[in-house]
Amino acid sequence: MLSKGEAAALLSLINAHHGNAQWDDVQLDAFYSELRSDITAAEAREAVRRFYADNSTGRWCGSGDINGIVRKLRNGAKPSEAQIGRECERLGLVEDQAWLYRRQRMMGRSSDESRQVALAARDPLRLPPAKPKRRREGGGFNPGLGVALDEVLATRRPAES
């Protein structure tokens, strides 16, 4: 989700911490290709901010540092199992709805999004029975119409001697 222009701005921000060092297109291409494909500009800027706020070594922030910090931020934003259980109780979700809600929350969706998905799900045990498929009339071999399995197999392969 991060555009190449946003990656260039991010690279400039990193280089600002090191005497406004210049970057070239090759460096930008490498940096951009190594960043997570689902990262947002806000997450990347926050990762750079956190890296330099805690950096006492003078080391440069790289794409791997940004990816790691974003992963930690996202994992830290996920609720605990106990919290999800309390949310399910508060929302009155049970069984399959609670399972689906828990799954959505662990995938990083908000409480409201997860609730909508869980409530919209249909109970497979209460679905109407499937309607039989209409069969085409005429032509073609249909092994389901009164033909024994051994007859079908005999037409498909030569008889063993």
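**Figure 1. Burial across the 161 residues of the protein.** In this predicted model, 24% of the 161 residues count as buried. The surface that the protein exposes comes to about 12000 Å², and carbon and sulfur atoms supply 52% of that area.

**Figure 2. The helices of the predicted model, followed from the N terminus.** The protein is built with eight helices and zero strands, so that its elements, read from the N terminus on, run α-α-α-α-α-α-α-α. Where contacts in the protein link residues at least 6 apart in sequence, 51% of them join residues that are at least 24 apart.

**Figure 3. Confidence along the chain, with helices α2 and α8 as the two extremes among the elements.** The average pLDDT of the protein is 84, and 80% of the residues score at least 70. Helix α2, which covers residues 25-34, has the highest mean pLDDT among the elements, at 96, whereas helix α8, which covers residues 149-156, has the lowest, at 68.

**Figure 4. Close-up of S114 in helix α7.** S114 is a residue of helix α7, the element that spans residues 111-120. Its relative accessible area is 0%, and because buried means under 20% relative accessible area, S114 is classed as buried.

**Figure 5. The contacts of S114 beyond its sequence neighbours.** When residues up to four places away in sequence are not counted, S114 touches Y101, Q104, R105 and R109. These contacts belong to a residue that lies in helix α7 and that is buried in the predicted model, with a relative accessible area of 0%.

Technical notes:
Residues numbered from 1 in each chain as written. Predicted model: local features only at pLDDT ≥ 70, side-chain atom pairs only at ≥ 80, totals over all residues. Heavy atoms only, no water. pLDDT = per-residue confidence, 0-100. Helix = DSSP H or I, 4+ residues; strand = E, 2+ residues; numbered from the N terminus. Buried < 20%, exposed > 50% of the residue type's maximum accessible area, 1.4 Å probe, protein only. Contact = heavy atoms within 4.5 Å. Areas by Shrake-Rupley, 256 points an atom, 1.4 Å probe, with all protein chains shown as cover.
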